[in-house]
Each structure stands twice: as C-alpha cells, then as structure tokens.
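Q: Please take a close look at a single part of this model. A connected account of one strand and its pairings would do.

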Amino acid sequence: MGFLKKLFGGTSAKSDQRYYTFSVKCKRCGEVITGRVDLNNDLSAEYEEGGDIFYARKVLMGENKCFQRVEVELKFNSARQLLEQHATGGELVG
C-alpha cells in the first residue's frame, strides 16, 4: 500500500518550481491578467547553437472589460530559467 501512496499521492517539494507565473497589463483597458507556464509540459524545444533553448507561447484574455488578446512569448534555458520575455497587445508587469 505504501508503494501506491508514493506512486500516486503526496506532494512534491518541487511543486512551486514547476510553474513560471507572470502578469501582463492589457494595452487597451489596463486589466492585469495573470498567466502561468508549466515548465514540465508547456515548453517546446528550439535547438540553437550553444545549447538547448525552450520556449512557450501563451495567449491570454481578460475577463472584465474588453476581451483583448495578449500574446506572451517566453524563452528558457535548459535549466528552465527565464532568458527572454515579450508581450504583444500588453506589457509585462512585475
């Protein structure tokens, strides 16, 4: 029974490090929208010279005022540390 509990249950100490959370402010209405990237599942490999680079692209939309889409592009190194970030239709905050 202990084996099944270890296999399917419990919490991981790395759960906080699994996600990269960010916020953007919509250029049209000013609403702040929060998004997150699952560093284990949402990243795509981009093989460049000098090492592996991973990227994620998220399209966020607010809930309250204008429903404008904000596109966020993020690049990470092989250790899943943020290298670059860019937003279209909004600006990154924080």
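In E5, which residue is the bridge partner of Met61?

A: The bridge partner of Met61 in E5 is Arg69. Some conventions come before the rest. This is a predicted model, in which local features need pLDDT of at least 70 and side-chain atom pairs count only at pLDDT 80 or more, while totals for chains, interfaces and linings use all residues. Residues are numbered from 1 along each chain as its sequence is written, and side-chain values use heavy atoms, with hydrogens and water left out.

Strands (E, at least two residues) are DSSP runs, numbered from the N terminus. Two of them pair if DSSP finds at least two bridges between them. Strand E4 (residues 51-61) pairs with E5 in the antiparallel sense, over 8 bridges. E5 also pairs with strand E6 (residues 82-88), again antiparallel, over 6 bridges. Here the bridge partner of Glu73 in E6 is His86. The hairpin of E5 and E6 has 5 residues between the strands, and in it Arg80 takes a positive phi near 65°.

In a regular strand the side chains alternate between the two faces of the sheet. E5 (residues 69-76) shows this alternation. Val70, Val72, Leu74 and Phe76 point to one face and are buried, where buried means under 20% relative accessible area, computed with a 1.4 Å probe on protein chains only. Arg69, Glu71, Glu73 and Lys75 point to the other face and are not buried. Arg69, the partner of Met61, thus belongs to the face whose side chains are not buried, as does Glu73, the partner of His86.

Methods:
Buried < 20%, exposed > 50% of the residue type's maximum accessible area, 1.4 Å probe, protein only. Helix = DSSP H or I, 4+ residues; strand = E, 2+ residues; numbered from the N terminus.
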